[in-house]
Amino acid sequence: MNNRDRLERSAVAGCFSCLAVFDPRQIRAWDGREGETAVCPVCDATSVLPGVGDIATLRAAHVSRFEDAETVPAVLSIDPVDPREPGR
């Protein structure tokens, strides 16, 4: 996907394979000959979109790419929400 440059400038990223939303700094692996494609830190897919943090957009991309797939991903987040923390 050649997304490393854009991810380095983004505040948020999302994976349209597993629907996880995360900070791009959490990406630990890169794919491609020159390491230019992010690997999702949750599911290890190369389906990371820079600047996309809303589930509706990720779901639309997922359906577009995997519409024939029999599995539906869970909505995941690397940073779990603490219900005791107000405003989150």
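# Close-up views of a predicted model

**View 1. Histidine 62 sits in helix α2, which spans residues 55-66.** This view, like the others here, shows a predicted model. Is histidine 62 buried or exposed? Histidine 62 is buried, and its relative accessible area is 6%. Look next for what its side chain reaches: the backbone oxygen of phenylalanine 16, at 2.9 Å. Cysteine 18 also belongs in this frame. Along the chain, histidine 62 and cysteine 18 are 44 residues apart, yet 8.3 Å separates their C-alpha atoms.

**View 2. The whole protein has two helices and five strands.** Here is a wider frame to help you find your way. Following the sequence from start to end, you meet the elements in the pattern α-β-β-β-β-β-α. The protein has 88 residues, and 31% of them are buried. Which contacts link distant parts of the sequence? Among contacts with a separation of 6 or more, 59% come from residues 24 or more positions apart.

**View 3. Three strands form an open sheet in the order β2-β1-β5.** The pairing in this sheet is antiparallel. Which strands lie at the edges? They are β2, at residues 21-22, and β5, at residues 48-50, and each of them pairs on one side only. Strand β1 covers residues 13-15 and is joined to β2 by two bridges, with the two strands running antiparallel. To find one of the bridge partners, start at alanine 13 and look across to phenylalanine 22 in β2.

**View 4. Methionine 1 lies in the segment before α1, a helix at residues 4-8.** Which residues does methionine 1 touch, leaving aside those up to four places away in sequence? The list is Phe16, Thr37, Thr46, Ser47, Val48 and Leu49. Valine 48 is worth a second look: it stands 47 residues from methionine 1 along the chain, while their C-alpha atoms are separated by 8.3 Å.

**View 5. Threonine 37 belongs to strand β4.** Its relative accessible area is 7%, so threonine 37 counts as buried. The side chain of threonine 37 reaches the backbone nitrogen of asparagine 2, at 3.2 Å. Not counting residues up to four places away in sequence, threonine 37 touches Met1, Asn2, Asn3, Ala29, Trp30, Asp31 and Thr46. Methionine 1, from the previous view, therefore appears again in this list of contacts around buried threonine 37.

**View 6. Arginine 4 lies over the face of tryptophan 30.** How far is arginine 4 from the ring centre of tryptophan 30? The distance is 4.0 Å. If you go looking for pairs of aromatic rings elsewhere, the count for the structure is zero.

**View 7. Cysteine 18 is in no disulfide.** A disulfide is a covalent bond between the sulfur atoms of two cysteines. The structure holds zero of them. For cysteine 18, the nearest cysteine sulfur is that of cysteine 43, 3.7 Å away. Why is there no bond at cysteine 40? Its sulfur is 3.8 Å from the closest cysteine sulfur, that of cysteine 15, and this is too far for a bond; the cut-off is 2.5 Å. Both cysteine 18 and cysteine 40 are worth checking for exposure. Cysteine 18 counts as buried because its relative accessibility is 7%, and cysteine 40 counts as buried because its relative accessibility is 0%.

**View 8. Leucine 19 has a positive phi, near 70°.** Most residues other than glycine have a negative phi. Where is leucine 19 found? Leucine 19 is in the loop between β1 and β2. With a relative accessible area of 2%, leucine 19 is buried.

**View 9. Aspartate 44 also shows a positive phi, near 70°.** Like leucine 19, aspartate 44 is a residue other than glycine. Its place is in the loop between β4, at residues 37-39, and β5. Is aspartate 44 buried or exposed? Aspartate 44 is exposed, because its relative accessible area is 60% and the cut-off for exposed is over 50%. Leucine 19, by contrast, is buried.

Conventions: Residues numbered from 1 in each chain as written. Predicted model: local features only at pLDDT ≥ 70, side-chain atom pairs only at ≥ 80, totals over all residues. Heavy atoms only, no water. Pairing = 2+ DSSP bridges. Helix = DSSP H or I, 4+ residues; strand = E, 2+ residues; numbered from the N terminus. Phe/Tyr/Trp six-rings, centres within 6.5 Å; stacked < 30°, edge-to-face > 60°. Lys NZ or Arg CZ within 6 Å of the ring centre and 35° of its normal. Buried < 20%, exposed > 50% of the residue type's maximum accessible area, 1.4 Å probe, protein only. Polar contact = N/O pair within 3.5 Å; in protein donor to acceptor, adjacent residues only side chain to side chain. Contact = heavy atoms within 4.5 Å.
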